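Here is a guided report on one protein model, written for a reader meeting it for the first time. Please look over the sequence and the structure below before reading on.

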Amino acid sequence: MPLSVLGPLVVFGLIAVALTIRLLGVSHPFAFQSEDDVRRALARHMPAREGGRVLLAQDGRSALVETDAGGVLIWAFGADTVARGLAGAVAKPNRCGLRVDLHSFASPGPRLRLTAEERPLWQEKIQELAA
């Protein structure tokens, strides 16, 4: 097949795939709708931990959970979630919310989008749960 035909075929094919994914809605970032969503994510990531109180961010993209074995931070990562224990974590304010240093090679510190009202509460709660 000549390159003059193959090139446009590949380009238009990729555009068609991208539009199909967008129209089907599978490209939307994940957001928690309720505390039950947070508890399900915790059970999926850390089945041995029993969830207690949940602090959910207003944008629904992150949550703090008090468990019997310490605090857990759960945040959206694309269309899925990530959960990490907060032992030894340090939260530092940034212009959009907080950056959390988890001291974990496997998980670089997430940047949490929080409102100005949420920021001090979350920073205090992370310090409490990280101790």
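## A charged pair in helix H2

Arginine 40 has a relative accessible area of 52%, and it is therefore exposed, where exposed means over 50%, buried means under 20% and partly exposed lies in between, as judged with a 1.4 Å probe on protein chains only. Its partner in a salt bridge is aspartate 37, and the closest N and O atoms of the two are 2.4 Å apart; a salt bridge here is a side-chain nitrogen of Lys or Arg within 4 Å of a carboxyl oxygen of Asp or Glu. Aspartate 37, in contrast to the exposed arginine, is buried because its relative accessible area is 17%. The two residues are separated by about one helical turn, because they stand three residues apart in helix H2, residues 35-45. Helices (H or I, at least four residues) and strands (E, at least two) are DSSP runs, numbered from the N terminus.

## About the model

This is a predicted model, in which local features need pLDDT of at least 70 and side-chain atom pairs count only at pLDDT 80 or more, while totals for chains, interfaces and linings use all residues. Residues are numbered from 1 along each chain as its sequence is written, and side-chain values use heavy atoms, with hydrogens and water left out.

## A network of salt bridges

By the salt-bridge rule, the count comes to six. One of them joins arginine 53 to glutamate 66, with the closest N and O atoms 3.8 Å apart. This pair links distant parts of the chain, since arginine 53 is in strand E1 and glutamate 66 is in strand E2, 13 residues apart. Arginine 53 is exposed because its relative accessible area is 57%, whereas glutamate 66, at 23%, is partly exposed.

Glutamate 66 also meets lysine 125 in a salt bridge between their side chains, at 2.5 Å from N to O. Here too distant parts of the chain are linked, with glutamate 66 in strand E2 and lysine 125 in helix H3, 59 residues apart. Through shared partners, salt bridges join Arg53, Glu66, Lys125 and Glu128 into one network. Lysine 125 counts as buried because its relative accessibility is 12%. The side chains of lysine 125 and glutamate 66 also make a polar contact, at 2.5 Å; such a contact is a pair of N or O atoms within 3.5 Å, where within protein one must be able to donate a hydrogen and the other to accept it, and residues adjacent in sequence count only if both atoms are side-chain atoms.

## The cavity and its lining

How many cavities of 30 Å³ or more does a search of the whole structure find? The search finds one, and the largest cavity has a volume of about 30 Å³. A cavity is a set of points, on a 1 Å grid over the protein atoms alone, where a 1.4 Å probe fits but cannot get out, and lining residues have an atom within 4 Å of a point.

The largest cavity is lined by Arg53, Val54, Leu55, Leu64, Glu66, Lys125 and Leu129. Strand E1 (51-56), strand E2 (62-67) and helix H3 (118-130) each supply at least two residues of this lining, and the largest share, three residues, comes from E1. By class, the lining of the largest cavity has four nonpolar, no polar and three charged residues; Ala, Val, Leu, Ile, Met, Phe, Trp, Tyr, Cys and Pro count as nonpolar, Asp, Glu, Lys and Arg as charged, and the others, Gly among them, as polar.

## A buried glutamate in helix H3

Glutamate 118 also belongs to helix H3. It is buried yet has no salt bridge, and the nearest side chain of opposite charge, that of arginine 119, is 8.2 Å away; for this purpose Lys and Arg count as positive and Asp and Glu as negative, while His and the chain ends are not counted. The side chain of glutamate 118 does reach the backbone nitrogen of threonine 115, at 3.0 Å.

## Two further positions

Valine 100 lies in strand E6, residues 97-101, and is buried because its relative accessible area is 0%. From valine 100 to glycine 52 there are 48 residues in sequence and 21 Å in space, C-alpha to C-alpha.

Leucine 6 is found in helix H1, residues 3-24, and is partly exposed because its relative accessible area is 36%. Its C-alpha atom is separated by 47 Å from that of alanine 43, which is 37 residues apart from leucine 6 along the chain.

Note on methods
On a 1 Å grid over the protein atoms alone, a cavity is a set of points where a 1.4 Å probe fits but cannot get out, and a pocket is an open set with protein on both sides within 12 Å along at least five of seven lines; lining residues have an atom within 4 Å of a point. Grid points are joined across faces, edges and corners, and a volume is the space filled by probe spheres set on the points.
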